[in-house]
Amino acid sequence: MEDMRALSYGLGQQYFEERDYRGAIRALLPIVEETPDDVGTRLLLARAYFHSALLKPAEKHLVEILDRAPTESYAHLLMARTLERLSRADEATKHRRIAAALTGDESLLASQSL
């Protein structure tokens, strides 16, 4: 079973790198359902949803990630970008601030939707 997860993850990663985000979602979703505490796989899945413009599922997985790993700076940044694309800039500001504080990179405070 472990070998199948590794194979599926590798396939999902390959799809993502090839910008086949829907393929990545199909490969990664069963892994996340089987191992919900795997933050790395869930983050890649959230990124695939984001790049597929499936923002509600991206947000759902990012909430799960931040519940499990509140210091995951990239998840905060991706949450900010997701909320901005959902026209929820006020909520996004909090996540940009956290990402900037966690990384020390003040450039993360600037919204990319400007």
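Arginine 88 makes a good starting point: with a relative accessible area of 21%, Arg88 counts as partly exposed (buried is under 20% relative accessible area, exposed over 50%, partly exposed in between, with a 1.4 Å probe and protein chains only). The model is a predicted one, in which local features need pLDDT of at least 70 and side-chain atom pairs count only at pLDDT 80 or more, while totals for chains, interfaces and linings use all residues. Residues are numbered from 1 along each chain as its sequence is written, and side-chain values use heavy atoms, with hydrogens and water left out.

## Charged pairs

The side chain of Arg88 meets that of Glu91 in a salt bridge, 2.9 Å from N to O (a side-chain nitrogen of Lys or Arg within 4 Å of a carboxyl oxygen of Asp or Glu). Glu91 is itself partly exposed, at 41% relative accessibility. What do Arg88 and Glu91 belong to, once salt bridges that share partners are joined? They form one network together with Lys56 and Glu59.

Lys56 and Glu59 also pair directly, with 3.8 Å between their closest N and O atoms. Both sit in helix α4 (helices are DSSP runs of H or I with at least four residues, numbered from the N terminus), and being three residues apart there, they are separated by about one helical turn. Their surroundings contrast: Lys56 is exposed at 54% relative accessibility, whereas Glu59 is buried at 14%.

How many salt bridges does a search of the whole structure find? The count is seven. One of them joins Arg5 to Glu34, with closest N and O atoms 2.5 Å apart. Arg5 lies in helix α1 (residues 2-17) and Glu34 in helix α2, so this bridge ties together parts that are 29 residues apart in sequence. Both ends are partly exposed, Arg5 at 22% relative accessibility and Glu34 at 39%. In general, side chains of opposite charge can pair when their charged atoms come close.

Three of these bridges are set out here.

| Salt bridge | N to O distance |
|---|---|
| Arg5 with Glu34 | 2.5 Å |
| Lys56 with Glu59 | 3.8 Å |
| Arg88 with Glu91 | 2.9 Å |

## The nonpolar core

Now for the inside. The largest nonpolar core has 27 residues, and Leu62 and Ile65 have the most contacts inside it (such a core is a set of buried Ala, Val, Leu, Ile, Met, Phe, Trp, Tyr and Cys residues joined through side-chain atoms within 4.5 Å). Two or more residues come from each of α2 (21-34), α3 (39-51), α4 (55-68) and α5 (73-85). Which element gives the most? That is α3, with eight residues.

Beyond its neighbours within four places in sequence, Ile65 is in contact with Val39, Arg42, Leu43, Ala46, Glu72 and Ala75 (contact means heavy atoms within 4.5 Å). Leu43, in helix α3, is buried at 12% relative accessibility. Setting aside residues up to four places away, Leu43 touches Leu62, Ile65, Glu72, Tyr74, Ala75 and Leu78. The C-alpha atoms of Leu43 and Glu72 are 9.6 Å apart, although 29 residues separate the two along the chain.

Thr82 belongs to helix α5. Is Thr82 buried or exposed? Its relative accessible area is 0%, so Thr82 is buried. With residues up to four places away left out, Thr82 touches Phe50, Leu55, Ala58, Glu59 and Leu62. Glu59 therefore appears twice in this account, as a contact of Thr82 and as a buried partner in the charged network.

## How α3 and α4 pack

The axes of α3 and α4 are 8 Å apart and meet at an angle of about 155° (axes are lines fitted to C-alpha atoms over the stretch in contact, and angles run from 0 to 180 degrees between N-to-C directions). That makes the two helices roughly antiparallel, a label for angles over 145 degrees. From α3, the residues in this interface include Leu43, Tyr49 and Phe50, which meet a set in α4 that includes Leu55, His61, Leu62 and Ile65.

## Two loop residues with positive phi

Most residues other than glycine have a negative phi. Arg19, in the loop between α1 and α2, has a positive phi of about 65° and is exposed at 66% relative accessibility. Ala53, in the loop between α3 and α4, has a phi near 60° and is partly exposed at 45%.

Note on methods: Angles under 35 degrees count as roughly parallel, over 145 as roughly antiparallel, 65 to 115 as roughly perpendicular and the rest as oblique.
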